[in-house]
Amino acid sequence: MSEITFKTTKENINWQEVSDVLRRSGLSDHTAKEQETIFTNSYAVVFVYHEEKIIGVGRALSDGVCQAAVYNIALDDEFQGQGIGRTLITKLLDQVRGQNIILYTHPRTVALYEKMGFRRNKTAMCIFSGTEDSLNWMENQGFMLPQTFRFADEYGREDMKHK
């Protein structure tokens, strides 16, 4: 296999390549300039290179002490299944070690993160900006539960009534 390297600093990054990786993975349509802002404002980053080209990315937000959130884990399809993605995630988690970590992921990758020690959270909540169509898409893809969804043990509870 050709050379794969990892970089955990934000200097000398080709932001167009970052934008392209995220676009190919279906995670973001932000421009290269917007990705530069997004990643440089993040607490931790990982960039995966195949030779000189970025083929994977990841980032985390954090207060640097106790709370972190992982976002934008992407790896080009042709490099998946080789342990590169797992290394990317491990290098990102190393940068927020000792903190509580929240992960937002695609429904197709839940099992991968469970293998890495993540557990699903019943009470996580979200507010997404976007059009009604984009929010419906997210619900249809399994990113969000229906607006008034309740788990079986929540039915009939007064504190769970949608008002």
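Guide: A residue is called buried when its relative accessible area is under 20%, exposed when that area is over 50%, and partly exposed in between. The model discussed here is a predicted one.

Visitor: What percentage of the 163 residues of the chain count as buried?

Guide: The cut-off for a buried residue is under 20% relative accessible area. Applied to the 163 residues of the chain, this cut-off gives a buried share of 32%.

Visitor: Which pattern of helices and strands does the chain follow along the sequence?

Guide: The chain holds five helices and five strands. Its C-alpha trace spans about 55 × 35 × 30 Å along the principal axes. Taken in sequence order, the elements give the pattern β-α-α-β-β-β-α-β-α-α.

Visitor: In which sense do β3 and β4 run?

Guide: β3 and β4 form a hairpin with four residues between them, and Gly64 in the turn has a positive phi of about 80°. One of the pairings is that of Gly56 with its bridge partner Leu75 in β4. The two strands are joined by six bridges, and their sense is antiparallel.

Visitor: Over how many bridges do β4 and β5 pair?

Guide: Gln67 has Asn100 in β5 as its bridge partner. β4 and β5 pair in the parallel sense, and the number of bridges is four.

Visitor: Within what arc do the buried residues of α2 fall, seen down the axis?

Guide: Helix α2 covers residues 32-40, where Ala32, Gln35 and Phe39 are buried. Viewed down the helix axis, these buried residues line one face of α2, because they are confined to an arc of 55°.

Visitor: Against which elements do the buried residues of α2 pack?

Guide: The residues in question are Ala32, Gln35 and Phe39, which are buried in α2. Their packing partners comprise one helix and three strands, namely α1, β2 (44-50), β3 (53-62) and β4.

Visitor: Over the ring of which residue does the charged end of Arg59 sit?

Guide: A charge counts as sitting over a ring only if it is within 6 Å of the ring centre. The charged end of Arg59 is 5.8 Å from the centre of such a ring, and the ring belongs to Phe39.

Visitor: Asp76 is joined to Arg24 in a salt bridge; is Asp76 buried or exposed?

Guide: A search of the whole structure finds six salt bridges, and among them is the one between Arg24 and Asp76, at 2.9 Å from N to O. The pair links distant parts of the chain, with Arg24 in helix α1 (residues 15-24) and Asp76 in the loop between β4 (67-75) and α3 (84-94), 52 residues apart. Arg24 is partly exposed because its relative accessibility is 45%. Asp76 has a relative accessibility of 9%, and therefore counts as buried.

Visitor: How many residues apart are Lys122 and Asp153?

Guide: The side chains of Lys122 and Asp153 meet in a salt bridge, at 2.6 Å from N to O. Lys122 lies in the loop between α4 (110-115) and α5 (132-141), whereas Asp153 lies in the segment after α5, so the pair links distant parts of the chain. Lys122 is partly exposed at 40% relative accessibility, and Asp153 is partly exposed at 49%. Their separation along the chain, in residues, is 31.

Visitor: Is Arg97 buried or exposed?

Guide: Arg97 meets Asp94 in a salt bridge, at 2.1 Å from N to O. Asp94 is partly exposed, with a relative accessible area of 41%. For Arg97 the relative accessibility is 59%, and therefore Arg97 counts as exposed.

Visitor: Are the rings of Tyr104 and Phe128 stacked, edge-to-face or tilted?

Guide: Eight aromatic pairs are counted in the structure. In the pair of Tyr104 and Phe128, the ring centres are 5.5 Å apart and the planes meet at 45°. Planes under 30 degrees apart count as stacked and those over 60 as edge-to-face. The angle falls in neither of these ranges, so the pair is tilted.

Visitor: Which residues form one aromatic cluster with Tyr104 and Phe128?

Guide: Tyr104 lies in the loop between β5 (100-103) and α4, and Phe128 in the loop between α4 and α5, 24 residues apart. Tyr104 is partly exposed at 33% relative accessibility, and Phe128 is partly exposed at 28%. The cluster that contains both is completed by Trp137 and Phe143.

Notes
Residues numbered from 1 in each chain as written. Predicted model: local features only at pLDDT ≥ 70, side-chain atom pairs only at ≥ 80, totals over all residues. Heavy atoms only, no water. Salt bridge = Lys/Arg side-chain N within 4 Å of Asp/Glu carboxyl O. Buried < 20%, exposed > 50% of the residue type's maximum accessible area, 1.4 Å probe, protein only. Phe/Tyr/Trp six-rings, centres within 6.5 Å; stacked < 30°, edge-to-face > 60°. Lys NZ or Arg CZ within 6 Å of the ring centre and 35° of its normal. Arc of directions from axis to C-beta. Contact = heavy atoms within 4.5 Å. Pairing = 2+ DSSP bridges.
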